[in-house]
Every structure is written in C-alpha cells, then in structure tokens.
Amino acid sequence: MRIREIERGRQLVTEVLEQTIERKALLLHQVTLTCRPIGVERTRVAVRTDFEPRMGPRWYWRPFERFFGRSSFEALLGA
C-alpha cells in the first residue's frame, strides 16, 4: 500500500499497489480510514474500501461482499 493522503488524527487514505488474495473476486483500489471523536475517550472509526467487483451476477454477490467486508474490518478494528 502507498499513502495517498493524511489528515493527522482524522483520515488516512491508502492506495493498494499489490493484491495477493481474492483477485478473481475483486480488485482493491483504495482504503480510507476516517476517525471522528465522539466523546472524551471515544473515537468512531469508519473504513471505506474502493474496489472493482469481478463476480456476477451483481445482485447475487453484493450482499456477500458487504457481509464479509464488514466482518473482516470489525475483526481488524476489534469492534
């Protein structure tokens, strides 16, 4: 990954340079982490993944992508 943009304490935007897994299912382009304070010791972290889907039909695969993407990031962030 390569860092494309940083707003210290708020946002990190990375560009995916190399992808070694799931290339047949999707092609990753960019991952963005955004942090917003929601209290004195609490922060809301949002993750956005920009990708090119490669499996069809889209109506069938989209719910699986959302479910597994959400599950992966929740596990990564300890949500």
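Guide: Two strands count as paired if DSSP finds at least two bridges between them. The model here is predicted. In β2 and β3, V13 stands opposite T32.

Visitor: What makes β2 and β3 a pair?

Guide: The cut-off is at least two bridges. Between β2 and strand β3, residues 26-37, there are 5 bridges. The count meets the cut-off, so the two strands are paired. They run antiparallel.

Visitor: What makes β1 and β2 a pair?

Guide: Strand β1 covers residues 2-7, and strand β2 covers residues 11-15. They share 5 bridges in the antiparallel sense. At least two are needed, so this pair qualifies as well. I3 stands opposite T14 in β2. E7 has Q11 of β2 as its bridge partner.

Visitor: What lies between β1 and β2 in their hairpin?

Guide: There are 3 residues between the two strands. G9 sits in that turn, with a positive phi of about 75 degrees.

Visitor: How many bridges join β3 to β4?

Guide: The count is 11, and the strands run antiparallel. Set that against the cut-off of at least two, and β3 and β4 are therefore paired. V31 stands opposite T49 in β4. These strands also form a hairpin, with 5 residues between them.

Visitor: In which order do the strands form the open sheet?

Guide: The order is β1-β2-β3-β4, and the pairing is antiparallel.

Visitor: Why do β1 and β4 stand at the edges?

Guide: Each has a single partner strand, so one side of each is left without a neighbour in the sheet. Direction ignored, neighbouring strands here are turned by 15 degrees against each other on average.

Visitor: What holds paired strands together in general?

Guide: Strands of a sheet pair through backbone hydrogen bonds, either parallel or antiparallel.

Visitor: Which elements follow one another from the N terminus on?

Guide: The run is β-β-β-β-α. That gives 1 helix and 4 strands. The C-alpha trace spans about 45 × 25 × 20 Å along its principal axes.

Visitor: Why is T32 called buried?

Guide: Buried means under 20% relative accessible area. T32 has 7%, so it is buried. The residue lies in strand β3. Leaving aside neighbours within four places in sequence, T32 is in contact with Q11, L12, V13, A46, V47 and R48.

Visitor: What share of the protein do buried residues make up?

Guide: They make up 14% of the 79 residues.

Visitor: Why does A46 count as partly exposed?

Guide: Partly exposed is the range between buried, under 20%, and exposed, over 50%. A46 has 39% relative accessibility, so it counts as partly exposed. Its place is in strand β4. Leaving aside neighbours within four places in sequence, A46 is in contact with T32, L33 and T34.

Visitor: What separates A46 from V16?

Guide: Along the chain, 30 residues; in space, 18 Å between the C-alpha atoms.

Visitor: Why is P53 called partly exposed?

Guide: Its relative accessible area is 33%. That value falls between the limits of 20% and 50%, so the label fits. P53 lies in strand β4.

Visitor: Which residues does P53 touch?

Guide: A25, L26, R58 and E65, not counting residues up to four places away in sequence. Touching means heavy atoms within 4.5 Å. From P53 to T34, by contrast, the C-alpha distance is 23 Å, with their positions 19 residues apart in sequence.

Visitor: What share of the contacts with a separation of 6 or more comes from residues 24 or more positions apart?

Guide: Such residues account for 25% of those contacts.

Visitor: How much space lies in the largest pocket, and which residues lie nearest its centre?

Guide: The space is about 910 Å³. The lining has 27 residues, and E65, F68, G69, R70 and F73 lie nearest the centre.

Visitor: Which element supplies the largest share of that lining?

Guide: α1 does, with 13 residues. The helix covers residues 58-77. β3, β4 and α1 each supply at least two residues of the lining.

Visitor: How do the lining residues of the largest pocket divide?

Guide: 15 are nonpolar, 4 polar and 8 charged. Phe counts as nonpolar, Glu and Arg as charged, and Gly as polar. F68 and F73 are therefore among the nonpolar ones. E65 and R70 are charged, and G69 is polar.

Technical notes: Residues numbered from 1 in each chain as written. Predicted model: local features only at pLDDT ≥ 70, side-chain atom pairs only at ≥ 80, totals over all residues. Heavy atoms only, no water. 1 Å grid on protein atoms, 1.4 Å probe; cavity = no way out; pocket = protein on both sides within 12 Å on 5 of 7 lines; lining within 4 Å. Points joined across faces, edges and corners; volume = space filled by probe spheres on them. Axes fitted to C-alpha atoms, helices over the stretch in contact; angles between N-to-C directions. Buried < 20%, exposed > 50% of the residue type's maximum accessible area, 1.4 Å probe, protein only.
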